[in-house]
Amino acid sequence: MKKIATGNKAVAEAVKQIQPAVIAAYPITPQTEIVEQIAEFVSSGELKSRYIPVESEHSAMAACIGASITGVRTFTATSSHGLLYMHEMTNWAAGARLPVVMANVNRSIGPGWNIWAEHTDAMQERDTGWLQVYVSTVQEAYDTTLMAFRIAEHNDVLLPVMVNLDGFSLSHIMQPLDTVETGDFLPPMYLPHAIDPKNPAGYGGLTGPEQHFKFRWDIERSMRDSVKIIDETEKDFANRFGRKYGFTEDYQCDDADVVIVSMGTLGKEAEVAIDMLRREGVRAGSMRLRWLRPFPKLNLKGKEIVVIDRDYSFGFGGVLAKSIQAQQKTDVFSVIAGLGGQEVTYEDIADFIRKRRIGEEFWFGVNDHV
Amino acid sequence: MISLQELDTIGEIPQEEYVLKCTSACAGCSDSLALRYVLKAAGPDTVLVVPACCTSVIQGIYPNTAFNIPVYNIAFAAAAACASGMSNAFRATGKKTNVIVYAGDGGTLDIGIQSMSGAFERGTDFLYICYDNEAYGNTGMQRSGATPMGARTTTTPTGKIDAKKDIDAIIAAHNPPYMATAAAAYPQDLFKKVQKALTFRGPSFIHVLAPCPPGWRFSTEKTVEIGKLAVKSGMWILYEREFGKLTINPQSKAAMKRPVPLEEYLAPQGRFKGIDAKTFETLRQHLVKNIKKLSAEEAEE
Ligand SMILES: Cc1ncc(C[n+]2csc(CCOP(=O)(O)OP(=O)(O)O)c2C)c(N)n1
Ligand code: SF4
Ligand SMILES: [Mg+2]
């Protein structure tokens, strides 16, 4: 069904399609609309979920954990401070191998209070064992939320999935949305370790080093196995509904001499920059990274690489730039841009490519191009 | 000496054991003693939600467990929130399984108070039991909001200056259908209160006094004796509040009329050793005030 929706509404629409048994969430700008829309769907009866209006994000994730371990589908949404506030519990959800799905509307972290897009919130969660995917359009937010449940629940994965969408620049913009009937795209959830009073077991109690170590490795093994499951799921989705995704969205990369790598809405802006540069005769391409965890093997061999980070690891560098540099065993031009919702146009992105200085780091709006 | 009447009641308590004999609790531990009766009352269709506390330790080390009931261990602050998700999930799928939080005083009065308050305010269908050993036992007996004034802990080496937080008043302000106090030293009473609590829909609360030999510094055979002295001195009052209506237990009623001197309760406990006269008097006055307050509330109705 065709409609017009914001990124937030698209996520809520996907949740309505999925009908999780339990949803627990706490409002925070710019995610609020997701919570409100879900509450509305629940009160109108379109969404049959039990909606728990918890008193905090820590409790939102704890409630999802408590519900999920009984073997039912759960969902929550948050942003920024809310995500960091639940950090203890995001670790717990992954460690407990629970397929919780969460939408995170990317926003900067205070002080001072800044409500606009930045990826620092989700980046601080990257080592928790959650799968992380970053979307760039309203349709992609919807489609990816649907796929997230299937990937998380696959018994070769059983890890939580975080769907990231940029605050305001995606959460609040209107674009066309085509909703679908998932049908048997999403099989019934089966949680092998679900709580069963007829077969009593202890969960998450004292664990010695040897067993703990093994459990950590199990997470990593599933993370690696998830690559195949993501691929299968995205292919099946494309077959059924005609929209194709991947670990990256590559735009004019094949013959490119230089490729700019970014995530989220900036990745769409970059495509416009590439069109412009191509008209100037610059052989440039754009690679928009969708899945940050598991981190895919990027096909960048023989290209000059420019990376936009909408995040920063103080005392180290842009997280994406450093990751790509390590994986590709080559220097990149690291651009730090868009923090706190800083406006970055396609013209600016074209300039990052034109004026690249491989091996250097450039803070857009702070440093001058030379 | 146990009375014949008491023996009668014990006869009704099921033989099934859910707390097996292999716990790693200290000798004389009231936490495990209370839990034994809680689970006998709740029966097998129960999930226990346990935040970080002594109860997370006494289960034993994975892959073993000393509890013959599903136990979901969760982060320190999150027990009530986790239970509210679990209870909603069970109810959504038509299951009547009891969801019981079994948390320490730290996980209840201090770090867990927010999630607990939220779960009560939302009318969560669960039973929340706080076993109160009046300090952080798991980490080696630091003060908690439940530590009484004058008690020495590892973070109040000369005795706690502040008074014990009145968590029961805070719970009462949430108007749960059922709330009660109990003591590990009165297992029959605890057993009945748990059974009763589980008949209510919505949140119920039981606050169990749980004397702890290493923490309170008394010898292990005195656990029950000290628990009884807490009640007989009026320091701990056994009661239940059903839809706001207070009923004080007969044991406590008798004790409130003719309490044994407070010294008798404090003296065997090393944690009160050397308590100064002023602190002692403040504690005593607090006790008298509390007796008056509860008597007045009961008389009012
Ligand atoms: C967030 C967090 N902070 C601190 C701890 C360390 N810790 C574990 S249990 C505990 C004290 C528990 O005290 P209480 O709730 O009274 O239970 P008890 O151990 O006395 O049974 C503390 C401080 C923790 N696990 N998590
Ligand atoms: S420290 Fe106290 S409460 Fe904890 S196990 Fe030992 S006796 Fe029980
Ligand atoms: Mg304690």
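Helix α8 of chain A carries a kink of about 30°, centred on A:S226. The model is a predicted one. The helix covers residues 209–241, which makes 33 residues. At 1.5 Å a residue, a helix of that length should span 48 Å. The C-alpha atoms at its ends are 46 Å apart, so the expected and the modelled span agree. After the helix comes A:G242, a residue with a positive phi near 80°.

A second glance at chain A turns to its loops. A:R73 sits in the loop between α3 (57–68) and β4 (74–78) of chain A. Is A:R73 buried or exposed? The relative accessible area of A:R73 is 14%, and buried means under 20%, so A:R73 counts as buried. In sequence, 26 residues separate A:R73 from A:P99. In space, the C-alpha atoms of A:R73 and A:P99 are 7.7 Å apart.

Two further loops of chain A show backbone features. The peptide bond between A:G110 and A:P111 is cis, with omega at about -5°. A:P111 belongs to the loop between β5 (101–106) and α6 (120–123) of chain A. A:Q252 is not a glycine, yet its phi is positive, near 55°. This residue lies in the loop that runs between β10 (248–251) and β11 (258–262) of chain A. With a relative accessibility of 35%, A:Q252 is partly exposed.

Chain B has backbone features of these kinds as well. A cis peptide bond links B:Y62 to B:P63, and its omega is about 5°. B:P63 is placed in the loop between α3 and β2 (71–73) of chain B. B:M141 is another residue that is not a glycine but has a positive phi, here about 70°. The loop between β4 and α7 of chain B holds B:M141. B:M141 is buried, at 11% relative accessible area. B:Y186 occupies the loop between β5 (178–183) and α8 (187–197) of chain B. B:Y186 is buried too, with a relative accessibility of 6%. Along the chain, B:Y186 and B:V50 are 136 residues apart. Their C-alpha atoms are separated by 22 Å.

The metal site comes next. Which residues coordinate the magnesium ion, ligand 3? They are B:D105 through OD, B:N133 through OD1 and B:A135 through O. The coordinating distances run from 2.0 to 2.1 Å. Along the chain, these donors follow the spacing D-x27-N-x1-A. B:D105 is part of helix α5 (residues 105–110) of chain B, whereas B:N133 is in the loop between β4 (127–132) and α7 (167–172) of chain B. The pair therefore ties together parts of the chain that are 28 residues apart in sequence. Both residues are below the 20% limit for buried residues, so both count as buried. The relative accessible area is 1% for B:D105 and 6% for B:N133.

B:N133 also appears in the surroundings of ligand 1. Where does ligand 1 lie? It is found between chains A and B. There are 17 residues around ligand 1, and those that come nearest are B:G106, B:G107, B:Y131, B:G137 and B:N138. Oxygen atoms of the ligand take part in several polar contacts. One is 2.8 Å from a polar backbone atom of B:G106. At B:Y131, an N or O atom in the side chain lies 2.5 Å from an oxygen atom of ligand 1. At B:N133, an N or O atom in the side chain lies 2.9 Å from an oxygen atom of ligand 1. B:N133 is thus a donor to the magnesium ion and a contact of ligand 1.

Ligand 2 has a shell that again includes B:N133. The other residues around ligand 2 are B:C26, B:C29, B:C54, B:I58, B:C212, B:P213 and B:P214. Which helices of chain B each supply at least two residues of this shell? They are α3 (54–58) and α9 (213–216). By class, seven of the shell residues are nonpolar and one is polar. No charged residue is part of the shell around ligand 2.

Terms used. Residues numbered from 1 in each chain as written. Chains lettered and ligands numbered in written order. Heavy atoms only, no water. Helix = DSSP H or I, 4+ residues; strand = E, 2+ residues; numbered from the N terminus. Expected span 1.5 Å × (residues − 1). Bend = angle between axes of the 7 residues up to and from the residue. Near = heavy atom within 4 Å. Nonpolar A, V, L, I, M, F, W, Y, C, P; charged D, E, K, R; others polar. Donors = N, O, S within 2.8 Å, 3.2 Å for Na, K, Ca; no water. Buried < 20%, exposed > 50% of the residue type's maximum accessible area, 1.4 Å probe, protein only. Polar contact = N/O pair within 3.5 Å; in protein donor to acceptor, adjacent residues only side chain to side chain.
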